[in-house]
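User: I am new to this structure and would like a close look at a single part of it. Please take one strand, then connect it to the rest of the chain.

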Amino acid sequence: MTGRLAGKRIFITGAAQGIGLALARAFLREDAALYLIDQDASLLDREAGELKESGGKLGWMAADITDAEAIASAVANAADEIGPINALVNNAGVNVFAEPLETSDEEWQRCFDVNLKGAWNCCKTVLPGMIEMGGGVVLNIASTHAFTIIPHTFPYPLAKHALLGMTKSLGLEYAPKNIRVNALAPGYVATQKVIDYWNSFPDPVAAEAETMKLHPGGRIATPDEIALAAVFMISDECPFMNATCLTIDGGLSVQQHPG
């Protein structure tokens, strides 16, 4: 631990598994105080409890990010347990992939409620406190879907494009208040969601192999590699990074054709 995040009181959504849990572990190693939320109460209790046992300073609460009142309660609890929030990571999200004309109204609503409205619920709740404290940082976990399109994944890319737009808009709006708002765009990451995606194919092993072949390095990212980038973006090591997006995809999105 080098203390790169000392003094940061970070609110992380979707923190009980995958990238969110990797973020929590990495932030704790850098001396941050954390407040974790996830809608899976039992999983959150187990994972957060283990982090607490390791000596980390953190609190947690089960909450649905689409419920603005629940988020307001969580932020208030966080202030009581670890102090006023000065950093937010909007990590929680859900994959909603379909053919455009086969997308139901329920799928459309769920995609935007979780991937966009949920992030906004958190932003609008923590931003007033950041303004009052004289600064803060927001990191939205976007995706390469925020600027590229994969057929048959509608409407997920629409929500992630909008999340990137919100990042830029809020970053410009609150820069005079010393608040930085940025996004981090992972590509494929070895999480349960990706494994579930492979398992949705008749031959999951072949689907995994095809995914690996897409990448110049022949592999996908680990959650810990995404967390390393997030530590930098939350820290004070990049004080002039604002209203932008850092892509962590091993070069996937810049190649015209896979090798």
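Analyst: What follows starts with one strand and works outwards to the whole chain.

This is a predicted model. The part to look at is strand β8, residues 179-186. How many of its residues are buried? Eight of its eight residues are. The strand is mostly covered.

Now look at the two sides of β8. Ile179, Val181, Ala183 and Ala185 point one way. Arg180, Asn182, Leu184 and Pro186 point the other way. Both sets are buried. Such a pattern has a general background: in a regular strand, side chains alternate between the two faces of the sheet.

Next come the partners of β8. Strand β6, residues 136-141, is joined to β8 by six bridges, and the two run parallel. Find Val181 in β8, and Val138 stands opposite. Strand β9, residues 245-248, also pairs with β8. That pairing is parallel too, over four bridges. Here Leu184 has Leu246 of β9 as its bridge partner.

Step back along the chain to the stretch before β8. Asn178 sits in the loop between α5 (156-174) and β8. Its phi is positive, about 65°, although Asn178 is not a glycine. Most residues other than glycine have a negative phi. Is Asn178 buried or exposed? Asn178 counts as exposed, at 52% relative accessibility, because the cut-off for that class is over 50%. Compare this with Ile179, which is buried.

A second residue with positive phi lies after β6. His152 is found in the loop between β6 and β7. Its phi is near 75°, and His152 is not a glycine either. His152 is exposed, with a relative accessible area of 53%.

Strand β7 follows, covering residues 154-155. Pro155 belongs to β7. The peptide bond from Phe154 to Pro155 is cis, with omega near 0°. In general, most peptide bonds are trans.

What touches Phe154 and Pro155? Thr103 does, and Thr103 also touches Ala98 and Trp108, leaving out residues up to four places away in sequence. Thr103 lies in the loop between β5 (97-98) and α4 (105-133). Its relative accessible area is 16%, so Thr103 is buried, the cut-off being under 20%. Its side chain also has a polar atom 2.9 Å from the backbone oxygen of Glu99.

Pro100 shares a setting with Thr103: the loop between β5 and α4. Pro100 counts as partly exposed, at 44% relative accessibility. Now compare its position with Ala175. The two are 75 residues apart along the chain, and their C-alpha atoms are separated by 37 Å.

The nonpolar cores come next. In soluble globular proteins, nonpolar side chains tend to be buried together. The largest nonpolar core here has 38 residues. Ile10, Ile12, Phe27, Leu34, Leu36, Val89 and Ile234 touch the most other members. Several elements give two or more residues to this core, among them β1 (9-13), α1 (18-29), β2 (33-38) and β6. Which element gives the most? It is α1, with eight residues.

Val89 shows how parts of the chain come together. Leaving aside neighbours within four places in sequence, Val89 is in contact with Ile10, Phe11, Ile12 and Thr13, among others. Its contacts also include Leu23, Phe27, Leu139, Ile141 and Ile234. A second, separate core has 37 residues. Val181 of β8 is one of them, and others include Ala70, Val75 and Cys111.

Last, the whole chain. Its secondary structure comes to eight helices and nine strands. The radius of gyration is 18 Å, close to the 18 Å that the globule rule gives for 259 residues, so the chain is as compact as a globular protein of that length. Along its principal axes, the C-alpha trace spans about 50 × 35 × 35 Å. Buried residues make up 48% of the chain. Of the contacts with a separation of 6 or more, 74% join residues 24 or more positions apart. The chain exposes about 12300 Å², and carbon and sulfur atoms supply 54% of that.

Return to β8 to close. Its residues are buried, β6 and β8 run parallel, and β9 pairs with β8 in the parallel sense.

Terms used. Residues are numbered from 1 along each chain as its sequence is written. This is a predicted model: local features need pLDDT of at least 70, side-chain atom pairs count only at pLDDT 80 or more; totals for chains, interfaces and linings use all residues. Side-chain values use heavy atoms; hydrogens and water are left out. Buried means under 20% relative accessible area, exposed over 50%, partly exposed in between (1.4 Å probe, protein chains only). Two strands pair if DSSP finds at least two bridges between them. A nonpolar core is a set of buried Ala, Val, Leu, Ile, Met, Phe, Trp, Tyr and Cys residues joined through side-chain atoms within 4.5 Å. Contact means heavy atoms within 4.5 Å. A polar contact is a pair of N or O atoms within 3.5 Å; within protein, one must be able to donate a hydrogen and the other to accept it, and residues adjacent in sequence count only if both atoms are side-chain atoms. The radius of gyration is taken over C-alpha atoms; the globule rule is 2.2 Å times the number of residues to the power 0.38. Accessible areas come from the Shrake-Rupley method with a 1.4 Å probe; for residues, only the protein chains shown count as cover.
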